[in-house]
Amino acid sequence: MTVAVPSAVHANGHGPGLKKDPQPAAQVASASPEDEKLVINTIRCLAADLCQEYKGGHPGTVMGAATIAIALWKYHMRYNPSNPDWFARDRFVLSAGHACLLQYIMLHLTGYEAWPLSEVRKYHAPKYGMAAGHPEIEFPGIEVTTGPLGQGIANAVGLAVAGKNLGATYNREGYPVVDGKVWCFTGDGCLQEGVGQEAVSMAGHWGLDNLVLIYDNNSVTVDGVIANCFTDDTSAKLAATGWHVIDVYDGSNDLAAVVSALGEAKAVVGKPVMINIRTVIGIGSKHAGKGQAHGQALGDDDVANVKKSLGFDPSEKFVVPQKVYEYFNDRKVRGVQLEKEWNGLMAEYSAKYPEESAELKARMEGKLPGWESLVPPKKDLPTAAQPTRKSSGIMVQALAPKYKSFMIGSADLLESTFVSWDGMVEFQNPESGLGDYAGRQIRYGIREHAMVAMGNGLAAYHKGMILPVMSTFFMFWLYAAPAARMSALQKLRFIGIATHDSIGIGEDGPTHQPVALASFYRALPGLNFVRPADAEEVIGAWMLALQDEDHPSLFALSRQPVPLLPGSDRAGVARGGYVIHGDPSIIPDITLLATGAEVSRAIEVANLLSTPSSSSSAYTVRVVSLPYLALFDRQSAEYRREVIPSSQSLVVAIEAWASFGWSRYAHAGAHMHTFGLSAPQQVLYEHFGFGVQNLAEKIGGWAASRRAENGGWKIPGVGEYEELLLGTIQEH
């Protein structure tokens with residue numbers, strides 16, 4: 001549908017200002033045009049005041065989009081202010097997170113107890129509160145943390161997928177127990193970001209008709225007029241990707257048109273909906289329609305000008321007339337009634353479908369009862385050497401068929417990452433013939449960033465109800481890194497499978513061989529980054545991730561086979577590091593530290609160093625596996641010193657990644673100093689100096705140079721970390 005363009009609309013599609021009185025929707029005849037105009041103008045003046053109070057913030061979008069907020073919170077969105085976490089609510093995502101003040105104002109006006117005006121006034125305040133500079137998930141009424149543009153669109157797609165999957169799994173004829181809408185408010189920036197476009201493509205492909213994208217099209221960014229950098233026909237683009245598009249041309253003024261458009265969007269079947277609403281950023285300000293209205297306070301003079309033009313007293317601040325509160329009073333009453341009706345529906349559903357009801361309620365608890373019994377013991381793991389990516393598939397096969405909480409997928413690599421399972425059904429539009437909405441295998445396509453951002457939406461739908469498992473090559477988790485960071489920030493659990501994790505990927509070459517990426521993930525607060533050495537440690541990694549309900553986990557897994565090591569121990573993974581080879585009761589001459597596929601190599605090196613030769617004496621050697629450095633750091637100092645006796649033993653790290661961070665644990669190391677090459681993995685390990693014989697010679701020679709005259713060791717000091725493979729090859 002396209003709404004007719006009013007004759008007074010400017011050539012750019014925007015109205016010149018407050019040229020008409022807002023028109024109330026027919027279903028709320030008690031609301032007069034004057035009352036609705038008062039509500040709109042109150043929101044605009046509040047935005048101006050709240051940003052001016054601490055000389056910062058984003059007033060313009062709030063002022064221009066006030067009608068959108070009213071149409072949504074007053075007329076269309078299903079929610080209960082008395083119970084912000086009501087399961088059957090609609091979900092609202094503010095992808096344009098800089099406009100958070102609009103959301104805070106609406107949470108206040110509609111009666112959320114946690115959001116009195118005093119709390120909203122903490123926006124940008126030195127004594128901060130819930131009114132953060134961008135919405136944050138831990139506060140009532142906020143579904144996901146947004147801010148990095150475009151991610152909110154992908155989060156909303158994930159929420160919509162969750163709703164579709166749960167509805168297809170549990171709804172029965174006459175019992176739509178899961179049927180909420182997902183409303184996503186976006187601006188120009190989110191639609192320019194690649195992650196936003198990836199998510200838009202997926203939503204159209206899947207036909208997610210429970211998703212409505214509200215585009216606040218004000219044609220302005222921080223740098224100024226959007227035409228400087230963005231001339232796409234967004235409506236045509238989304239229509240081409242399978243969306244139903246509704247256009248509104250005077251969104252800042254014509255409340256009735258916005259209400260009508262949202263109503264039409266709710267009725268669309270078979271496609272997601274984008275409503276392209278043209279608005280005037282900073283309407284009423286002297287900076288209306290300009291970049292200055294976007295991200296800075298208007299200034300005292302302009303705030304006074306706004307209030308005067310809108311019929312408010314410039315000398316009064318933070319004014320909310322009683323009529324404005326009365327206007328929204330029915331929403332609190334309506335919310336209680338909606339939840340009561342849904343509770344009644346659930347009671348009938350439980351009586352008629354007790355098994356489905358029990359399962360749904362159990363999933364609402366966010367638990368996976370009995371999963372521990374499905375974990376194979378070490379004695380049942382394959383004894384033949386195999387890639388750790390394949391060992392991870394053991395857990396997928398054990399858990400995915402039993403627990404519907406798992407939604408598992410990959411960025412076009414499900415066979416390579418071993419995330420398929422027997423009897424799986426794909427999540428697909430049923431009309432495609434490829435699967436259905438109850439399916440739990442997700443084909444994300446080549447869209448790594450949106451995959452993980454979508455996973456955040458899946459995880460956020462209801463805590464613990466859905467556990468996303470997402471996979472791609474480790475190198476391409478670089479594409480996903482911004483979304484993984486948001487997962488950790490929000491304490492949203494996912495399990496990430498990052499395969500082909502080093503030069504061991506071989507012939508695909510340096511473009512696909514990670515060298516420095518682990519440094520980012522190891523430094524990321526709140527994310528479990530684990531690089532297991534063998535199948536036993538892979539099981540330990542999965543157990544750690546399943547036990548941790550509040551953090552995402554990412555496993556770096558090998559392409560090449562590794563043996564099942566005699567000393568490997570899943571309990572050691574739970575401590576981040578442990579002695580995997582050598583007598584733990586003896587302080588060794590040399591302690592070798594390693595992770596992942598390099599652990600078995602380190603053990604081979606240890607065996608060589610422990611054997612006397614014509615050129616060197618034998619050393620006592622210990623090997624420590626450190627699959628999870630940050631977790632090892634959290635162990636007691638006594639345990640860490642027991643495992644790595646660095647004041648008495650020479651400590652050498654072996655890892656085919658960059659050395660950054662290893663000087664915290666070791667005195668010297670064997671690491672990558674260049675990008676990789678395209679060759680078989682065995683060739684590459686030798687070429688870059690990681691051959692067992694070469695490592696033994698390098699480490700043994702270095703150890704000999706550190707022997708003290710009294711027979712002990714000259715232990716290197718802080719800052720003396722020695723790179724044993726530096727200069728092995730020239731950069732290419």
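## Two residues with positive phi

At 9% relative accessibility, Phe-318 counts as buried, and in this predicted model the residue lies in the loop between helix 11 (300-309) and helix 12. Its backbone deserves a careful look, for Phe-318 has a positive phi of about 55° although it is not a glycine. Most residues other than glycine have a negative phi.

Ser-219 also has a positive phi, near 60°, and is likewise a residue other than glycine. Ser-219 is found in the loop between strand 3 and strand 4 (220-221), where it is partly exposed, with a relative accessible area of 22%.

## The contact between helix 3 and helix 12

Two packed helices are described by the angle between their axes and the distance between the axes. For helix 3 (residues 66-76) and helix 12 (residues 322-352), the axes come within 9 Å and cross at roughly 45°, which makes helix 3 oblique to helix 12.

On the side of helix 3, the contact is made by Ile-70, Trp-73, Lys-74 and Tyr-75, while helix 12 contributes Tyr-327, Phe-328, Asp-330 and Arg-331. By character, the residues of this contact divide into five nonpolar and three charged, with no polar ones.

## The five-stranded parallel sheet

Strands of a sheet pair through backbone hydrogen bonds, either parallel or antiparallel. One open sheet has five strands in the order 1-2-3-7-6, and its pairing is parallel. Strand 1 (91-94) and strand 6 (244-248) stand at the edges, each with a single partner strand, so one side of each is left without a neighbour in the sheet. From one strand to the next, the twist averages 15°.

At one of these edges, strand 6 runs parallel to strand 7 (residues 273-278), and five bridges join the two; Asp-247, for its part, has Asn-276 in strand 7 as its bridge partner. Helix 10 (residues 255-267) lies across strand 2 (182-186), strand 3, strand 6 and strand 7, and it runs at about 175° to strand 6.

## The six-stranded mixed sheet

Another open sheet is formed by six strands in the order 14-16-15-17-18-19, and here the pairing is mixed. Strand 14 (578-581) and strand 19 (722-723) stand at the edges with a single partner strand each, so that one side of each is left without a neighbour in the sheet.

Within this sheet, strand 17 (residues 650-654) and strand 18 (residues 668-670) run parallel and are joined by three bridges, with Ile-654 standing opposite Ala-670 in strand 18. Helix 24 (residues 692-705) packs on the sheet, where it touches strand 15 (590-594), strand 17, strand 18 and strand 19, and its direction makes about 155° with that of strand 17.

## Salt bridges that link distant parts of the chain

Side chains of opposite charge can pair when their charged atoms come close. A search of the whole structure finds 25 salt bridges, and one of the pairs is Lys-164 with Asp-209, whose closest N and O atoms are 2.6 Å apart. This pair links distant parts of the chain, since Lys-164 sits in helix 6 (residues 151-170) and Asp-209 in the loop between helix 8 (194-206) and strand 3 (211-217), 45 residues apart. Lys-164 is buried, with a relative accessible area of 17%, and Asp-209, at 13% relative accessibility, counts as buried as well.

Arg-531 forms a salt bridge with Asp-501, the closest N and O atoms being 2.8 Å apart, and both Arg-531 and Asp-501 are buried. In the pair of Arg-522 with Glu-655, the closest N and O atoms are 2.6 Å apart. Arg-522 lies in helix 17 and Glu-655 in the loop between strand 17 and strand 18, so this pair ties together parts that are 133 residues apart in sequence. Glu-655 is buried, with a relative accessible area of 0%. These residues belong to a network of salt bridges that links Asp-501, Arg-522, Arg-531, Glu-598 and Glu-655.

## An exposed loop residue

Glu-113 lies in the loop between helix 4 (100-109) and helix 5 (117-120), and at 69% relative accessibility it counts as exposed. The C-alpha atoms of Glu-113 and Tyr-437, which are 324 residues apart along the chain, are separated by 36 Å.

Note on methods: Residues numbered from 1 in each chain as written. Predicted model: local features only at pLDDT ≥ 70, side-chain atom pairs only at ≥ 80, totals over all residues. Heavy atoms only, no water. Axes fitted to C-alpha atoms, helices over the stretch in contact; angles between N-to-C directions. Helix = DSSP H or I, 4+ residues; strand = E, 2+ residues; numbered from the N terminus. Parallel < 35°, antiparallel > 145°, perpendicular 65-115°, else oblique. Contact = heavy atoms within 4.5 Å. Nonpolar A, V, L, I, M, F, W, Y, C, P; charged D, E, K, R; others polar. Pairing = 2+ DSSP bridges. Salt bridge = Lys/Arg side-chain N within 4 Å of Asp/Glu carboxyl O. Buried < 20%, exposed > 50% of the residue type's maximum accessible area, 1.4 Å probe, protein only.
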